[in-house]
Amino acid sequence: QVQLVESGGGLVQAGGSLRLSCAASGRAFSGRAMAWFRQAPGKEREFVAAISWTGGSTYYADSVKGRFTISRDNAKNTVYLQMNSLKAEDTAAYYCAAHRYTYCSGYGCSEGDRYDYWGQGTQVTVSS
């Protein structure tokens, strides 16, 4: 069974930090770039960050660049999103996704239809 399971969400004050984790089954992880997306109530889904299969290449949305860091541990089939200096506008449900290919860049990372598998999401709420 192909699964992506996110964890680590919660309530945090503005300026605080959270680390999200996404544990994946083999087929949904091996050989794939991975990404995080988010969706706030009443808004469209938004790309956050992506990382290549080797971890050697990362790509971020401008809104999180310098504050968020995506990483992965291929031995554990897990991808992480370290979120620092959180703002109220970061409040959203955060979703992990598995890309069709080992590497993506630019538009190829940010388009949701390039991803084959999605998790159920974890809620992040930042209080101001």
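In this predicted model, four strands make up an open sheet whose order is β1-β3-β8-β7, and the pairing throughout that sheet is antiparallel. The edges are taken by β1 and by β7, which spans residues 68–73; each of these has a single partner strand, so one side of each is left without a neighbour in the sheet. Averaged over neighbouring strands and with direction ignored, the turn of one strand against the next is 15 degrees. Strands of a sheet pair through backbone hydrogen bonds, either parallel or antiparallel.

The pairings can be followed across the sheet from one edge to the other. Strand β1, residues 4–7, runs antiparallel to β3 and is joined to it over 4 bridges, and within this pairing glutamate 6 has cysteine 22 of β3 as its bridge partner. On its way through the sheet, β3 also pairs with β8, residues 78–83, again in the antiparallel sense and over 6 bridges; here leucine 18 is matched with methionine 83 of β8. Finally β7 and β8 are connected over 6 bridges, antiparallel once more, with arginine 72 facing valine 79 of β8 as its bridge partner.

Burial adds a further layer to this picture. Of the 7 residues of β3, 5 are buried, and the strand is therefore largely enclosed by the rest of the structure. In a regular strand the side chains alternate between the two faces of the sheet. The edge strand β1 shows such an alternation, since Leu4 and Glu6 point to one face and are buried, whereas Val5 and Ser7 point to the other face and are not buried.

Strand β3 also carries one end of a disulfide, and the structure holds 2 of these links. Cysteine 22 is joined to cysteine 96 with an S to S distance of 2.1 Å, and this pair links distant parts of the chain, cysteine 22 lying in strand β3 and cysteine 96 in strand β9, 74 residues apart. The link is left-handed, with -75 degrees about the S-S bond, and both cysteine 22 and cysteine 96 are buried. The other disulfide is formed by cysteine 104 and cysteine 109, whose sulfur atoms are likewise placed 2.1 Å apart. Its torsion about the S-S bond is about 100 degrees, so the disulfide of cysteine 104 and cysteine 109 is right-handed. Cysteine 104 is buried at a relative accessible area of 8%, and cysteine 109 is buried at 0%. When the bonded cysteines are numbered in sequence order, the pairing reads 1-2, 3-4.

Beyond β3, the chain enters a loop that leads from β3 (18–24) to β4 (34–39), and arginine 32 is found in this loop. Is arginine 32 buried or exposed? Its relative accessible area is 11%, and because the cut-off for buried is under 20%, arginine 32 counts as buried. Its side chain makes a polar contact of 2.8 Å with the side chain of aspartate 116. Leaving aside neighbours within four places in sequence, the residues in contact with arginine 32 include Trp53, Arg72, His99, Tyr101 and Asp116.

Tyrosine 101, one of those contacts, belongs to the loop between β9 (92–99) and α1 (107–110). In contrast to the buried arginine 32, tyrosine 101 is exposed, with a relative accessible area of 52%. Once its neighbours within four places in sequence are left aside, tyrosine 101 is in contact with Gly31, Arg32 and Ala33. Tyrosine 101 and tyrosine 59 lie 42 residues apart in sequence, and their C-alpha atoms are separated by 15 Å in space.

Charged side chains provide another set of links, and a search of the whole structure finds 7 salt bridges. One of them joins arginine 38 to glutamate 46, with the closest N and O atoms 2.8 Å apart. Arginine 38 counts as buried at 6% relative accessibility, while glutamate 46 is partly exposed at 31%. Both residues belong to a network of salt bridges that links Arg38, Glu46, Arg67 and Asp90. Another salt bridge pairs lysine 65 with aspartate 62, the closest N and O atoms being 3.0 Å apart, and aspartate 62 is exposed at 66% relative accessibility. Arginine 114 and aspartate 113 also form a salt bridge, with 3.8 Å between the closest N and O atoms; of these residues, arginine 114 is partly exposed at 30% and aspartate 113 is exposed at 54%.

Technical notes
Residues are numbered from 1 along each chain as its sequence is written. This is a predicted model: local features need pLDDT of at least 70, side-chain atom pairs count only at pLDDT 80 or more; totals for chains, interfaces and linings use all residues. Side-chain values use heavy atoms; hydrogens and water are left out. Helices (H or I, at least four residues) and strands (E, at least two) are DSSP runs, numbered from the N terminus. Buried means under 20% relative accessible area, exposed over 50%, partly exposed in between (1.4 Å probe, protein chains only). A polar contact is a pair of N or O atoms within 3.5 Å; within protein, one must be able to donate a hydrogen and the other to accept it, and residues adjacent in sequence count only if both atoms are side-chain atoms. Contact means heavy atoms within 4.5 Å. Two strands pair if DSSP finds at least two bridges between them. Axes are lines fitted to C-alpha atoms, for helices over the stretch in contact, and angles run from 0 to 180 degrees between N-to-C directions. A disulfide is a pair of cysteine sulfur atoms within 2.5 Å. A salt bridge is a side-chain nitrogen of Lys or Arg within 4 Å of a carboxyl oxygen of Asp or Glu.
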